[in-house]
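Here's a quick briefing to read alongside the sequence and the model. It goes topic by topic, so feel free to jump around.

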Amino acid sequence: MTAFITVKPDYAYAEKLELLKGLYHFIENEAKNFGFVCSPGCNSCCTTYLWTTSLEARYLKEVLTPELEARLLALKEYPRPGSTPNTMAFLLMQGKNPPEDQMANLGPCPLLSSENLCLAYERRPLTCRVMFSKTKCELSGEAIMPPEFLGLSSLLFQLIEELDVGGVYGHLIDQIKFLRDLEAGAQEVPEWLLGNREAPDLAYSPEEEYLRKALSRLYRLKLPSGKTFKEHLDEIKEGFGQREALSFLDEIL
Ligand code: SF4
Ligand code: SF4
């Protein structure tokens, strides 16, 4: 069972941020086990395909200079998702087709410096943090990732949506515009930002040994508040109310 969640992006920002930082730290450590060849300055994966949660967008926006924000907002053509990761998983499990994404030609990410480095590296979203390859993309023509890491990435996209209780999902540029409008008193959510929801049963097999162990490591991760990731996640969701029990995500420990 899953539950739609009311949009309320300001809900528990500081608490959700602690989870987000824990998740970022976790994926950084996990990636070290795969022998990826990515290095500073290698940047063909840095494109305008920048879909995020509103929690991540707000965290990133805090360090954007006015020039960088203007550079992002000047971009007119970028892709938009037709559904959130959890909505997509939910619909697929129902045998239904998710709404189509709104595709666009991809260009270089506006946050790249002239030296091909990320100007928001410490706060880059998950979509950038799971981008790795076993061989240089310029040689192989695409990123080469082991299935275990791909599965973990998909799972984390579901989890990062789930932990951003009350938030929305969409392109970073739309998120930044929305946050700016919210600060100016706007009440409405633009139609191209999609309400986050809880994860249904995961699209990846819970029997998968690596995924089960990795999720267990994440859930047991001790956060600065002294709570584990799982305890903190549960508290944030309980505090928001109106949720239904999860299945696989609740069972893992
Ligand atoms: S994913 Fe590919 S393009 Fe991106 S840093 Fe790694 S090797 Fe380079
Ligand atoms: S935000 Fe940074 S890491 Fe992500 S695509 Fe842009 S330049 Fe690359």
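Alanine 12 counts as buried, because it has 20 C-beta neighbours inside 10 Å and the cut-off for buried is 20 or more. Keep in mind that this is a predicted model. Alanine 12 sits in the segment before α1, and its phi is near 50°, a positive value in a residue other than glycine.

**Backbone oddities**

- Most residues other than glycine have a negative phi.
- Besides alanine 12, with its positive phi near 50°, asparagine 116 has a positive phi of about 65° although it is not a glycine.
- You'll find asparagine 116 in the loop between α4 and α5.
- Asparagine 116 is partly exposed, because 13 other C-beta atoms lie within 10 Å of its own.

**The loop between α4 and α5**

- This loop runs between α4 (85–93) and α5 (126–129), and lysine 96 is in it.
- Lysine 96 is exposed, since just 9 other C-beta atoms are within 10 Å and exposed means 12 or fewer.
- How far is the C-alpha atom of lysine 96 from that of glycine 226? The two are separated by 41 Å, and they are 130 residues apart along the chain.
- Glutamate 115 lies in the loop between α4 and α5 too, and it is exposed, with 9 other C-beta atoms within 10 Å.
- For glutamate 115 and proline 40, 75 residues apart along the chain, the C-alpha separation is 9.7 Å.

**Ligand shells**

- Around ligand 1 you get Val37, Cys38, Cys42, Ser44, Cys45, Met131, Phe132, Ser133, Lys136, Cys137 and Ala143.
- Sorted by class, the ligand 1 shell is eight nonpolar, two polar and one charged residues.
- Ligand 2 has Cys46, Cys109, Leu111, Leu112, Cys118, Ala120, Arg124 and Cys128 around it.
- The class split for ligand 2 is seven nonpolar, no polar and one charged residues.

**The nonpolar core**

- The largest nonpolar core has 47 residues, and the members touching the most others are Leu20, Leu23, Leu156, Leu159, Ile160 and Leu163.
- Elements giving two or more residues to this core are α1 (13–31), α2 (54–61), α4, α7 (147–163), β2 (168–171), α8 (172–183), α9 (209–220) and α10 (229–240).
- Which element gives the largest share of this core? That's α7, with eight residues.
- Setting aside neighbours within four places in sequence, isoleucine 160 is in contact with Leu23, Thr53 and Leu126.

**How α4 meets α7**

- Two packed helices are described by the angle between their axes and the distance between the axes.
- The axes of α4 and α7 come within 8 Å and cross at roughly 115°.
- On the α4 side the contact uses Pro85, Asn86 and Ala89, and on the α7 side Phe157, Gln158, Glu161 and Glu162.
- By class, this contact of α4 with α7 has three nonpolar, two polar and two charged residues.

**The sheet**

- There's an open sheet of three strands in the order β1-β2-β3, with antiparallel pairing.
- β1 (51–53) and β3 (194–195) are at the edges with a single partner strand each, so one side of each has no neighbour in the sheet.
- How many bridges pair β1 with β2? Three bridges do the job, in the antiparallel sense.
- Going residue by residue, threonine 52 stands opposite glycine 170 in β2, while threonine 53 has tyrosine 169 in β2 as its bridge partner.
- α2 packs on the sheet, where it touches β1 and β2, and its direction makes about 95° with that of β1.
- β2 and β3 run antiparallel and are joined by two bridges.
- Valine 168 has glycine 195 in β3 as its bridge partner.

How values were computed. Residues numbered from 1 in each chain as written. Chains lettered and ligands numbered in written order. Predicted model: local features only at pLDDT ≥ 70, side-chain atom pairs only at ≥ 80, totals over all residues. Helix = DSSP H or I, 4+ residues; strand = E, 2+ residues; numbered from the N terminus. Near = placed C-beta within 6 Å. Nonpolar A, V, L, I, M, F, W, Y, C, P; charged D, E, K, R; others polar. Core = buried A, V, L, I, M, F, W, Y, C linked by C-beta atoms within 7 Å. Contact = placed C-beta atoms within 7 Å. Pairing = 2+ DSSP bridges. Axes fitted to C-alpha atoms, helices over the stretch in contact; angles between N-to-C directions.
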